[in-house]
Amino acid sequence: MKRSEACPCGSQQDYGNCCGPYVDGDRPAPTAEALMRSRYTAYAKGKADYLFKTHHPSQRTFEERFELAKTIKNTRWLRLTVLATQKGQSQDKTGVVEFVAVYADPNPGQLHERSRFTRQNGQWFYLDGKRLPPLHPKRNEPCWCGSGKKFKQCHG
């Protein structure tokens with residue numbers, strides 16, 4: 001029997017009951033946020049084909065698959081925090097998800113992005129994203145990198 005593993009997206013659910021069915025191709029993500037979480041999971045698990053497949057066809061490039069493979073190999077994804085969602089439910093045609101993803105390659109960093117999604121023929125696709133400035137907690141709040149230190153003692 002296979003041991004259950006926590007889903008990398010931070011949902012506190014088992015991978016098989018969370019992003020696994022989407023990343024493994026069993027069914028499409030039902031919402032824009034579910035697609036965004038599953039794409040983060042695909043980055044964390046090295047599933048470049050899923051990332052390519054869920055990028056809107058009008059935005060895909062031939063080089064993208066190679067760039068994804070390179071990025072995945074050189075980056076360790078540590079944590080995802082969803083900050084906000086707009087629309088993106090199963091009845092919507094568009095959605096926006098703002099998130100922060102923490103990574104190490106080899107030093108910790110963060111990707112703060114507002115991503116746009118579109119739904120066509122019942123399937124959500126990542127359209128594009130706007131990178132936003134890094135989030136900085138208040139001095140006495142925990143650091144974004146996950147060190148367990150206060151921000152002022154770590155990256156502040």
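Here is a friendly exchange about the sheet and helices of this predicted model.

Biologist: Before we start, what pLDDT do local features need?

Modeller: Residues are numbered from 1 along each chain as its sequence is written, and side-chain values use heavy atoms, with hydrogens and water left out. Since this is a predicted model, side-chain atom pairs count only at pLDDT 80 or more, totals for chains, interfaces and linings use all residues, and local features need pLDDT of at least 70.

Biologist: Thanks! In what order do the strands of the open sheet lie?

Modeller: Strands (E, at least two residues) and helices (H or I, at least four) are DSSP runs numbered from the N terminus. Two strands pair if DSSP finds at least two bridges between them. The open sheet has four strands with antiparallel pairing, in the order 1-2-3-4.

Biologist: Which are the edge strands?

Modeller: An edge strand here pairs on one side only. That description fits strand 1 (76-87) and strand 4.

Biologist: How many bridges join strand 2 to strand 3?

Modeller: Strand 1 and strand 2 run antiparallel and are joined by 10 bridges, with Trp77 partnered by Tyr103 in strand 2. Tyr103 also stands opposite Gly109 in strand 3. Strand 2 and strand 3 form a hairpin with three residues between them. Strand 2 (residues 94-104) and strand 3 (residues 108-120) run antiparallel, and the bridges that join them number 11.

Biologist: And in strand 4, which residue is the bridge partner of Arg116?

Modeller: Strand 3 and strand 4 (residues 123-131) run antiparallel, joined by eight bridges. In strand 4, Arg116 has as its bridge partner Asp128.

Biologist: Which residue in the hairpin of strand 3 and strand 4 takes a positive phi?

Modeller: Most residues other than glycine have a negative phi. The hairpin has two residues between its strands, and the residue with phi near 50° is in the loop there. With a relative accessible area of 85%, this residue is exposed (over 50%; buried is under 20%, partly exposed in between, using a 1.4 Å probe and protein chains only). The residue is Asn121.

Biologist: Where is Lys87 found?

Modeller: Lys87 is not a glycine, yet has a positive phi of about 50°. Its relative accessible area is 59%, so Lys87 counts as exposed. Lys87 is found in strand 1.

Biologist: Which helix packs on the sheet, touching strand 1, strand 2, strand 3 and strand 4?

Modeller: Contact means heavy atoms within 4.5 Å. Angles run from 0 to 180 degrees between N-to-C directions, with axes fitted as lines to C-alpha atoms, for helices over the stretch in contact. The direction of the helix in question makes about 170° with that of strand 1. It is helix 2 (residues 32-45).

Biologist: Why are the buried residues of helix 4 on the same side?

Modeller: Helix 4 has three names to consider: Glu64, Leu68 and Ile72 are its buried residues. They lie on the same side because the directions from the helix axis to their C-beta atoms cover an arc of only 70°.

Biologist: What do those buried residues of helix 4 pack against?

Modeller: On the other side of helix 4, Phe66 and Lys73 are exposed, with Phe66 at 52% relative accessibility. The buried residues pack against helix 2 and helix 3 (48-54).
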